[in-house]
Amino acid sequence: QVQLVESGGGLVQTGGSLRLSCAASGRTFSSYAMGWFRHAPVEERTFVAAIKWGTGNTYYADSMKDRFTISRDSAKNTMYLQMNNLKPEDTAVYYCAAALLGPHGSGYPRLSREYAYWGQGTQVTVSS
């Protein structure tokens, strides 16, 4: 049974930093992309960034790549999202998710519907 457990959210002031973690278990993820999404009130769930677990290749939403960095520790089966220079508009519930890649690790999943497994989310609140 796949489990994704996020942690590291909290309250931070504008300009501050947070590092989110996602501990993954239940299967081998080498054929998966692991991603971060966020869901702010009255908005749709939005893609933030993802990493192909097997290769470590990363990709981002254009608006996120300057301040956010995704990484993973394969030995710990844990993914991270380092968020710097946080702004009030970054306030949201952040979710980690896993999407099965295509043959030979092809594809760059960015849509929620491409991700089969989800964590429970962690709240990030940025005060002004």
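This report describes the strands, sheet pairing and selected residues of a predicted protein model.

Because the model is predicted, local features need pLDDT of at least 70 and side-chain atom pairs count only at pLDDT 80 or more, while totals for chains, interfaces and linings use all residues. Residues are numbered from 1 along each chain as its sequence is written, and side-chain values use heavy atoms, with hydrogens and water left out.

**Overall chain**

The protein chain has 11 strands and zero helices; strands are DSSP runs of E with at least two residues, helices are runs of H or I with at least four, and both are numbered from the N terminus. The C-alpha trace spans about 45 × 25 × 25 Å along its principal axes. The radius of gyration of the protein chain is 14 Å, which agrees with the value near 14 Å for a compact globule of 128 residues; the radius is taken over C-alpha atoms, and the globule rule is 2.2 Å times the number of residues to the power 0.38.

The accessible surface of the protein chain is about 6600 Å², and 47% of this belongs to carbon and sulfur atoms (Shrake-Rupley method, 1.4 Å probe). Of the 128 residues, 43% are buried; buried means under 20% relative accessible area, exposed over 50%, and partly exposed in between. Among contacts with a separation of 6 or more, 60% are between residues 24 or more positions apart, a contact being heavy atoms within 4.5 Å.

**The open sheet**

Four strands form an open sheet in the order 1-3-8-7, with antiparallel pairing; two strands pair if DSSP finds at least two bridges between them. Strand 1 (3–7) and strand 7 (68–73) are the edges, each with a single partner strand, so one side of each has no neighbour in the sheet. Neighbouring strands of this sheet are turned by 15° against each other on average, direction ignored; the axes are lines fitted to C-alpha atoms, and angles run from 0 to 180 degrees between N-to-C directions.

Thr78 lies in strand 8 and is buried, at a relative accessible area of 10%. Its side chain reaches the backbone oxygen of Lys76 at 2.9 Å. Leaving aside residues up to four places away in sequence, Thr78 touches Ser21, Cys22, Ala23, Trp53, Ser71, Arg72 and Asp73. Cys22 also stands opposite Met79 in strand 8.

**Strand 9 and the bridge counts**

Strand 9 (residues 92–100) is mostly covered, with seven of its nine residues buried. The table lists antiparallel strand pairs, including those of strand 9.

| Strand pair | Bridges | One residue pair |
|---|---|---|
| Strand 3 and strand 8 | Six bridges | Cys22 and Met79 |
| Strand 4 and strand 9 | Eight bridges | Tyr32 and Leu100 |
| Strand 9 and strand 11 | Three bridges | Val93 and Gln123 |
| Strand 9 and strand 10 | Two bridges | Ala97 and Trp118 |

Strand 10 covers residues 117–118, and strand 11 covers residues 122–127.

**A loop residue**

Glu44 is placed in the loop between strand 4 (32–39) and strand 5 (46–52). With 68% relative accessibility, Glu44 counts as exposed. Glu44 touches Arg38 and His39, residues up to four places away in sequence not being counted. Glu44 and Ser112 are 68 residues apart in sequence, and their C-alpha atoms are 10.0 Å apart in space.

How values were computed. Buried < 20%, exposed > 50% of the residue type's maximum accessible area, 1.4 Å probe, protein only. Polar contact = N/O pair within 3.5 Å; in protein donor to acceptor, adjacent residues only side chain to side chain.
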